[in-house]
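Please open the model in your viewer and keep the sequence panel beside it, since each stop on this tour begins with a selection.

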Amino acid sequence: GEVQLSVNGRVVGRRIPDEVNTVIWEGVPFEPGVNAVELRCGGLVDRCTWMCTENADFSGGFSQKINL
């Protein structure tokens, strides 16, 4: 089903996984300091906390695979 990504309580977007159950978001709005990341899919929820420094640079992209 559909996967919803939230960062710091704000919904970033919703995506349908591809044929290998992967979803990709670009331009995720991380803030300096603690970032609460949450993925929801149906009744499943996965949460983690990412710490970003003020000079964190994600312009080259990053990858984090989470299997729900």
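Colour the predicted model by relative accessibility to begin with, and you will find that buried residues make up 24% of the 68 residues in the chain. Switch then to a secondary-structure cartoon, in which the chain shows zero helices and four strands, following the pattern β-β-β-β along the sequence.

**The sheet**

Select the four strands together: they form an open sheet in the order β2-β1-β3-β4, with antiparallel pairing. Because β2 and β4 stand at the edges with a single partner strand each, one side of each is left without a neighbour in the sheet. If you look at how the strands cross, neighbouring strands of this sheet are turned by 20° against each other on average, direction ignored.

Now narrow the selection to β1, residues 3–7, which is joined to β3 by five bridges in the antiparallel sense, while β1 and β2 also pair antiparallel over five bridges. Which residues are the bridge partners of S6 in β2 and in β3? Picking S6 and looking to either strand gives the reply: in β2 the partner is V11, and in β3 the partner is E38. Before leaving β1, move to the hairpin that β1 makes with β2, where two residues lie between the strands and N8 takes a positive phi near 55°.

**E38**

Select E38 next, a residue of strand β3. Is E38 buried or exposed? With a relative accessible area of 17%, E38 falls under the 20% limit and is therefore buried. Show side chains here, and a polar contact of 2.8 Å appears between the side chains of E38 and R40. Expanding the selection around E38, and leaving aside neighbours within four places in sequence, you will find Q4, L5, S6, V45, D46 and R47 in contact with E38.

**W25**

Go on to W25, which sits in the loop between β2 (10–15) and β3 (33–41). W25 has 13% relative accessibility and so counts as buried. A distance drawn from the C-alpha of W25 to that of L5 reads 8.5 Å, although the two residues are 20 apart in sequence. Not counting residues up to four places away in sequence, W25 touches V3, L5, V12, G13, R14, R15 and L39.

**The aromatic pair**

Display the aromatic rings, among which the count comes to one pair. The ring centres of F30 and W50 are 5.1 Å apart and their planes meet at 25°, so this pair is stacked. The pair links distant parts of the chain, since F30 belongs to the loop between β2 and β3 whereas W50 belongs to strand β4 (residues 44–52), 20 residues away. F30 is itself buried, with a relative accessible area of 17%.

**The nonpolar core**

For the last selection, take V3, L5, V7, W25, V28, F30, V37, L39, C41, W50 and C52 together, which make up the largest nonpolar core, 11 residues in all. Strands β1, β3 and β4 each supply at least two residues of this core, and W25, F30 and W50 from the earlier stops are included in the set. To finish with the chain as a whole, a contact map can be set beside the view: of the contacts with a separation of 6 or more, 30% are between residues 24 or more positions apart.

Notes: Residues are numbered from 1 along each chain as its sequence is written. This is a predicted model: local features need pLDDT of at least 70, side-chain atom pairs count only at pLDDT 80 or more; totals for chains, interfaces and linings use all residues. Side-chain values use heavy atoms; hydrogens and water are left out. Buried means under 20% relative accessible area, exposed over 50%, partly exposed in between (1.4 Å probe, protein chains only). Contact means heavy atoms within 4.5 Å. Rings of Phe, Tyr and Trp (its six-membered ring) pair if their centres lie within 6.5 Å; planes under 30 degrees apart count as stacked, over 60 as edge-to-face and the rest as tilted. Two strands pair if DSSP finds at least two bridges between them. Axes are lines fitted to C-alpha atoms, for helices over the stretch in contact, and angles run from 0 to 180 degrees between N-to-C directions. A nonpolar core is a set of buried Ala, Val, Leu, Ile, Met, Phe, Trp, Tyr and Cys residues joined through side-chain atoms within 4.5 Å. A polar contact is a pair of N or O atoms within 3.5 Å; within protein, one must be able to donate a hydrogen and the other to accept it, and residues adjacent in sequence count only if both atoms are side-chain atoms.
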